[in-house]
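Got the viewer open and a selection box ready? Load the model below and follow along, one stop at a time.

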Amino acid sequence: MTTTDVKRPPRILSIDALRGLVMLLMLVDHVREFFYLHAQVRDPMDLAATPPDLFLTRAASHLCAPLFILLTGLSASLYGQKHGPRATAAYLLKRGLLLILLEVTLVNVAWAGSFWPPILYLQVIWVIGLCMVALAALLWLPRVLLVTGALALMLGHNLLDGLVLQADEPGYVLWSILHQRGMIALPWGGVARTSYPLLPWIGVIAAGYALGPLFTGAVNETRRRAWLVGLGAAALVAFLVLRALNGYGEPVAWQPGRTPLASALSFVNLTKYPPSADFLLLTLGLGLCLLTLFEVVPARLVGWLCVFGGAPLLFYLLHLALLRLLYDGAATVGVVGASGRVEAGSPAALWLIAAAVSIPLWMACRSMVRLKRSGRWPALSYL
């Protein structure tokens with residue numbers, strides 16, 4: 001064992017395990033994006049046109065962005081406990097800018113299968129990068145202001161839903177980045193699609209940063225778990241109340257269905273772009289409960305998840321490359337359906353494809369985690 005290994009503080013397994021879980025759910029959803037676009041889903045989903053198995057497959061992925069961004073904020077807080085706010089702000093700024101660059105280059109190439117895609121999609125990596133840049137400034141705020149601002153952005157942004165700007169109106173570009181999904185004309189004639197409006201996600205990363213003090217030596221495990229499950233339960237109760245009232249918190253009202261299952265699906269059929277207050281209450285509430293669960297599950301049972309969670313950026317870039325290779329390879333040999341696309345046979349097949357793809361991803365992530373833990377290449381911390 002090297003001196004670097006001895007000095008390196010241990011990672012928190014529950015955080016890596018939860019991050020690994022949401023990355024695997026993301027993998028399933030991205031398999032759907034490659035191999036099931038003949039049955040594309042809306043946001044929120046059209047229950048009349050979306051079978052329950054496809055609905056549940058898509059809905060499972062709703063945990064991904066909120067929990068990953070929450071954990072990004074939490075990880076930044078843990079980094080700050082070791083290195084101080086100035087170094088943390090610098091790290092967030094540098095990594096945030098790197099993610100933005102990757103989104104508009106490698107990520108878009110993998111999605112489009114072209115080095116010059118007609119539409120530049122600004123999706124989750126873009127918004128995580130912007131959130132990190134924003135957090136580099138917000139982390140200097142007193143904690144009470146940080147928490148207040150986070151709650152206001154997450155739960156109050158739906159008050160802005162009525163402000164819709166047209167492409168020829170002043171402020172359209174900025175508003176399309178902050179809250180309104182839109183198409184932005186680019187100087188060279190292309191267009192960019194803002195898929196993940198920023199404002200509520202800044203609230204999520206700030207909330208994650210505010211959780212950091214729960215993971216210090218001053219808070220014992222029992223108290224931390226009580227706080228996590230209490231916050232998670234409070235979020236779920238708030239979701240149930242708001243959703244049941246069918247008022248503020250979700251633009252699309254739920255309706256009783258012909259069966260209990262239909263009613264339940266309508267109840268949890270929520271808006272992701274931008275994430276409604278109800279969407280964030282449900283996903284973050286479940287996420288905090290899962291984080292509590294991973295706190296008590298034996299390490300030997302979640303170690304394989306921690307491997308994925310220990311190299312998230314490598315996982316993201318590599319899984320898109322693998323899915324692109326699989327799709328293009330199948331298309332080249334003529335494995336296409338009636339839609340002219342490569343089609344998986346059912347939503348269940350998407351989970352099987354994801355399980356198969358996860359095996360080489362796990363091996364690659366394991367190698368990267370070992371390299372990162374060796375401490376020989378500090379720059380690998382960005383992966």
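Start by selecting asparagine 269, which is buried with a relative accessible area of 7%. Keep in mind throughout that this is a predicted model. Asparagine 269 sits in the loop between helix 11 and helix 12. Now show backbone atoms too: a polar atom of the asparagine 269 side chain lies 2.7 Å from the backbone oxygen of methionine 45.

**The cis prolines**

Stay in the loop between helix 11 (260-267) and helix 12 (277-296) and pick proline 274. The peptide bond leading into proline 274 from tyrosine 273 is cis, with omega near -10 degrees.

Next, jump to proline 44, in the loop between helix 2 (13-35) and helix 3 (52-60). Here the cis bond is the one from aspartate 43 to proline 44, and omega is about -10 degrees. For context, most peptide bonds are trans, and most residues other than glycine have a negative phi.

That second point sets up the next selection, asparagine 246. What sign does the phi of asparagine 246 have? Positive, at about 60 degrees, although the residue is not a glycine. You'll find asparagine 246 in the loop between helix 10 (221-245) and helix 11. Asparagine 246 counts as partly exposed because its relative accessibility is 33%.

**Salt bridges**

The structure holds 9 salt bridges. Select aspartate 29 and arginine 32 to see one of them, with the closest N and O atoms 2.8 Å apart. Both residues belong to helix 2, 3 residues apart, about one turn of the helix. Buried or exposed: which is arginine 32? Buried, because its relative accessibility is 0%. Aspartate 29 is at 6%, so it counts as buried as well.

Add arginine 58 to the selection. Its side chain meets that of aspartate 29 in a salt bridge of 2.7 Å, N to O. Arginine 58 lies in helix 3 and aspartate 29 in helix 2, so this pair ties together parts that are 29 residues apart in sequence. Arginine 58 is buried too, with a relative accessible area of 6%.

For a contrast in exposure, go to arginine 42 and aspartate 46, whose side chains form a salt bridge at 3.8 Å, N to O. Arginine 42 is exposed, with a relative accessible area of 58%, while aspartate 46 is partly exposed at 28%. Then return to the earlier group and include Glu33: salt bridges that share partners join Asp29, Arg32, Glu33 and Arg58 into one network.

**The sheet**

Switch to cartoon view and look for an open sheet of 3 strands, ordered 1-3-2, with mixed pairing. Strand 1 (119-122) and strand 2 (183-185) stand at the edges; each has a single partner strand, so one side of each is left without a neighbour in the sheet. Ignoring direction, neighbouring strands here are turned by 25 degrees against each other on average.

Begin with strand 1 and strand 3 (residues 191-194), which run parallel and are joined by 4 bridges. Pick tyrosine 121 in your viewer, then its bridge partner in strand 3, arginine 193. Isoleucine 119 stands opposite valine 191 in strand 3.

Keep valine 191 selected and look across to alanine 185, which also stands opposite valine 191. Strand 2 and strand 3 pair in the antiparallel sense, over 3 bridges. The hairpin of these two strands has 5 residues between them, and in it glycine 189 takes a positive phi near 105 degrees.

Before moving on, show the side chains of strand 3. They alternate: Ala192 and Thr194 point to one face and are buried, while Val191 and Arg193 point to the other and are not.

**Two last stops**

Select arginine 324, in helix 14 (residues 312-332). Arginine 324 counts as buried because its relative accessibility is 15%. Its side chain makes a polar contact of 2.9 Å with the side chain of aspartate 328.

Finish on the surface. Select Leu141, Val144 and Leu145, which make a nonpolar surface patch of about 270 Å². Leucine 141 lies in the loop between helix 6 (124-138) and helix 7 (143-156). At 38% relative accessibility, leucine 141 counts as partly exposed.

Definitions and conventions. Residues are numbered from 1 along each chain as its sequence is written. This is a predicted model: local features need pLDDT of at least 70, side-chain atom pairs count only at pLDDT 80 or more; totals for chains, interfaces and linings use all residues. Side-chain values use heavy atoms; hydrogens and water are left out. Patches are made of residues with over 30% relative accessible area and no salt bridge: like charges are joined within 9 Å, nonpolar side chains (Val, Leu, Ile, Met, Phe, Trp, Tyr) within 5 Å. Accessible areas come from the Shrake-Rupley method with a 1.4 Å probe; for residues, only the protein chains shown count as cover. A salt bridge is a side-chain nitrogen of Lys or Arg within 4 Å of a carboxyl oxygen of Asp or Glu. Buried means under 20% relative accessible area, exposed over 50%, partly exposed in between (1.4 Å probe, protein chains only). Two strands pair if DSSP finds at least two bridges between them. Axes are lines fitted to C-alpha atoms, for helices over the stretch in contact, and angles run from 0 to 180 degrees between N-to-C directions. A polar contact is a pair of N or O atoms within 3.5 Å; within protein, one must be able to donate a hydrogen and the other to accept it, and residues adjacent in sequence count only if both atoms are side-chain atoms.
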